[in-house]
Amino acid sequence: MKRTSDQEALEAREAGLQALLLRGLAGEAAAYRDFLGQLGAHLRAFLMRRLRQPSDCEDLVQEVLLAVHNARHTYRADQPVTAWVQAIARYKLADHFRARGRREALHDPLDEEGLFDEADAEPGEASRDLGRLLEQLPDKQRLPIIHVKLEGLSVEETARLTGLSSSAVKVGIHRGLKVLADMIRGKR
């Protein structure tokens, strides 16, 4: 029964977004603003699941929204809005990874989850929370955690990038993770 109601909710969101877009394309500025606003919220969650640095998400959301706006004349009313937007988002995400040298991420499957999956909000919120916690750490702990644990760089690459020694990177990760765990437990 839940699967049916989830599917119905997805279909309702799709229909609502499509109606707003079509009204916007017909000249209703308020409907188009609503379309972009709702779309931005869905894109934010969709992209947060795929990005390792929460700080990149907002820039990428804006890039995708701008690309959607610039390509609005290509939308065909007989096609789902979400499939059209998801294709644009995938290209922008691939450009983002390519620009940052994360070629391995270009081969990650992007189609497994849709733009409107129910689990969208929770990972996005978790990434924002992690970003806020990381901001509280000193650079010598924060940067090694970001580069090694979140971006997947090696200890040596991180040492070269940050100017720290390899052992300082390892110590920074260890101490930083301990501080993060204490913060999560409410001990700091």
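**Helix packing and nonpolar cores in an all-helical predicted model**

Phenylalanine 35 is in contact (heavy atoms within 4.5 Å) with Leu17, Leu20, Leu21, Val68 and Val81, when residues up to four places away in sequence are not counted. The structure is a predicted model, in which local features need pLDDT of at least 70 and side-chain atom pairs count only at pLDDT 80 or more, while totals for chains, interfaces and linings use all residues. Residues are numbered from 1 along each chain as its sequence is written, and side-chain values use heavy atoms, with hydrogens and water left out.

The chain contains eight helices and zero strands, where helices (H or I, at least four residues) and strands (E, at least two) are DSSP runs numbered from the N terminus. Of the 188 residues in the chain, 38% are buried, that is, under 20% relative accessible area with a 1.4 Å probe and protein chains only. Among contacts between residues at least 6 apart in sequence, 60% join residues at least 24 apart.

The largest nonpolar core (buried Ala, Val, Leu, Ile, Met, Phe, Trp, Tyr and Cys residues joined through side-chain atoms within 4.5 Å) has 28 residues, of which Phe35, Leu39, Leu43, Leu47, Val68 and Trp84 touch the most other members. Two or more residues are given to this core by each of helix H1 (2-25), helix H2 (29-48), helix H3 (54-70) and helix H4 (81-99), and the largest share, eight residues, comes from H2. Apart from this core lies another, of nine residues, among them Leu134, Ile145, Val179 and Leu180.

H2 and H3 pack at an angle of about 140 degrees, with their axes 9 Å apart; axes are lines fitted to C-alpha atoms, for helices over the stretch in contact, and angles run from 0 to 180 degrees between N-to-C directions. The two helices are therefore oblique to each other, a class left for angles that are not under 35, over 145 or from 65 to 115 degrees. Residues of H2 that meet H3 include Tyr32, Phe35, Leu39 and Leu43, and those of H3 include Cys57, Val61, Val64 and Val68. The residues of this contact divide into 14 nonpolar, three polar and two charged.

Isoleucine 88, found in helix H4, is buried, with a relative accessible area of 14%. Isoleucine 88 touches Val64, Ala67, Val68 and Ala71, not counting residues up to four places away in sequence. The C-alpha atoms of isoleucine 88 and alanine 67 are separated by 7.1 Å, although these residues stand 21 residues apart along the chain.

Terms used. Buried < 20%, exposed > 50% of the residue type's maximum accessible area, 1.4 Å probe, protein only. Nonpolar A, V, L, I, M, F, W, Y, C, P; charged D, E, K, R; others polar.
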